[in-house]
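Open the model in your viewer and keep the sequence panel visible. The stops below each begin with a selection to make.

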Amino acid sequence: MLVLLPPSETKAPGGDGGPLDLAALCWPELTGVRAGLAEALVELAGDLPAARAALGLSPAQDDEVARNAELLGAPTMPALERYTGVLYDALDVRSLTRAQRARADRRLAVGSALFGVVRGTDRIPAYRLSAGSALPGRPTLRALWRPTLGPLLAAVDELVVDLRSGAYTALAPVPGAVTLEVLSERPDGTRAVVSHSNKAHKGRVARLLATTTGEPGDVVRLRALLRQAGFHVEHPGGTALTLVVPGEHAGPTRHAPSPPR
């Protein structure tokens with residue numbers, strides 16, 4: 001099972017690894033595009049107004065441009081520890097046991113505008129580039145990634161659970177991947193798309209899928225695994241699943257239920 005996570009705009013600073021080594025990242029087929037984008041970001045950082053415009057940043061976020069300027073020499077850390085925010089708080093990889101972390105490292109990968117996709121163990125620096133960014137004088141990120149990333153993901157020979165957001169899915173859709181929509185159900189039975197806590201719910205699902213000893217091979221078995229763990233999951237058809245949660249609230253993030261054994 002391969003679980004594709006969305007990245008986060010926020011990144012943990014620092015790291016104890018050496019500078020970025022593109023050749024050491026998983027999926028070396030992507031090295032050419034990765035190298036071109038990394039060089040473009042470093043070059044763009046030399047023109048502060050252009051960098052702000054391309055990356056959608058305000059002057060208060062100039063430290064993000066500075067990060068890009070140091071991209072090739074900055075310290076690195078595993079991707080699962082680099083990305084932060086609501087989803088990654090719910091995933092909480094630092095609390096996993098050694099055995100759970102080993103399964104998480106095998107199963108989890110993160111979509112990335114800069115790297116295409118990285119394994120959780122891939123060591124990467126902090127950077128700023130979003131799926132919707134438009135680098136001056138270059139094709140769109142979708143045009144750059146689809147020819148290489150699309151075939152790579154389509155060829156994955158295991159169940160793919162795609163939890164990426166729409167902008168990152170558009171970079172390279174995965175035919176046949178299981179997708180998950182999160183809906184909140186009000187007391188009157190009506191439902192609405194979850195917005196505020198969507199990432200937290202997906203983080204809880206990702207934590208379960210990263211740590212369970214089960215190995216679901218298709219959407220039906222995946223749904224059964226999630227339901228056994230206490231999630232209210234419906235299967236409207238095809239490879240789409242719907243996670244139904246109580247009326248949306250802004251309460252604290254909780255870990256997923258303990259995985260079935």
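The tour goes through strands, then a pair of helices, then cavities, in a model that is predicted.

**Stop 1: strand β7 and its partners**

Select residues 178-185, which form strand β7. Add residues 160-162, strand β6: the two strands pair in the parallel sense over 2 bridges. To find the register, look at V161, which stands opposite V178 in β7.

Next add residues 240-246, strand β10. This strand runs parallel to β7, and 7 bridges join the two. E181 and T242 mark the register here, with E181 standing opposite T242 in β10.

Now add residues 191-193, strand β8. How do β7 and β8 run, parallel or antiparallel? They run antiparallel, joined by 3 bridges. E185 stands opposite R191 in β8. β7 and β8 form a hairpin with 5 residues between the strands. Pick out G189 in this hairpin; its phi is positive, near 90°.

While the strands are on screen, show their side chains. In a regular strand, side chains alternate between the two faces of the sheet.

**Stop 2: helices α9 and α10**

Select residues 198-211 for helix α9 and residues 219-228 for helix α10. They pack at an angle of about 105°, and their axes are 11 Å apart. Angles from 65 to 115 degrees count as roughly perpendicular, so α9 is roughly perpendicular to α10.

Which residues meet in this contact? Show V205, L208 and L209 in α9, which meet L222, L225 and L226 in α10. The contact is made of 6 nonpolar residues, with no polar and no charged ones.

**Stop 3: the cavities**

The structure holds 2 cavities of 30 Å³ or more. For the largest, select P7, S8, E9, K11, Y83, S112, A113, Y127, L129, S130 and Y168, which line it. The volume of this largest cavity is about 40 Å³. Its lining divides into 6 nonpolar, 3 polar and 2 charged residues. The tyrosines Y83, Y127 and Y168 are among the lining residues.

For the second largest cavity, select L37, S133, A134, L135, R138, P139, T140, L141 and L144. How much space lies inside? About 30 Å³. Here the lining divides into 6 nonpolar, 2 polar and 1 charged residue. R138 is one of the residues in this lining.

Notes. Residues are numbered from 1 along each chain as its sequence is written. This is a predicted model: local features need pLDDT of at least 70, side-chain atom pairs count only at pLDDT 80 or more; totals for chains, interfaces and linings use all residues. Side-chain values use heavy atoms; hydrogens and water are left out. Axes are lines fitted to C-alpha atoms, for helices over the stretch in contact, and angles run from 0 to 180 degrees between N-to-C directions. Helices (H or I, at least four residues) and strands (E, at least two) are DSSP runs, numbered from the N terminus. Angles under 35 degrees count as roughly parallel, over 145 as roughly antiparallel, 65 to 115 as roughly perpendicular and the rest as oblique. Contact means heavy atoms within 4.5 Å. Ala, Val, Leu, Ile, Met, Phe, Trp, Tyr, Cys and Pro count as nonpolar, Asp, Glu, Lys and Arg as charged, and the others, Gly among them, as polar. On a 1 Å grid over the protein atoms alone, a cavity is a set of points where a 1.4 Å probe fits but cannot get out, and a pocket is an open set with protein on both sides within 12 Å along at least five of seven lines; lining residues have an atom within 4 Å of a point. Grid points are joined across faces, edges and corners, and a volume is the space filled by probe spheres set on the points. Two strands pair if DSSP finds at least two bridges between them.
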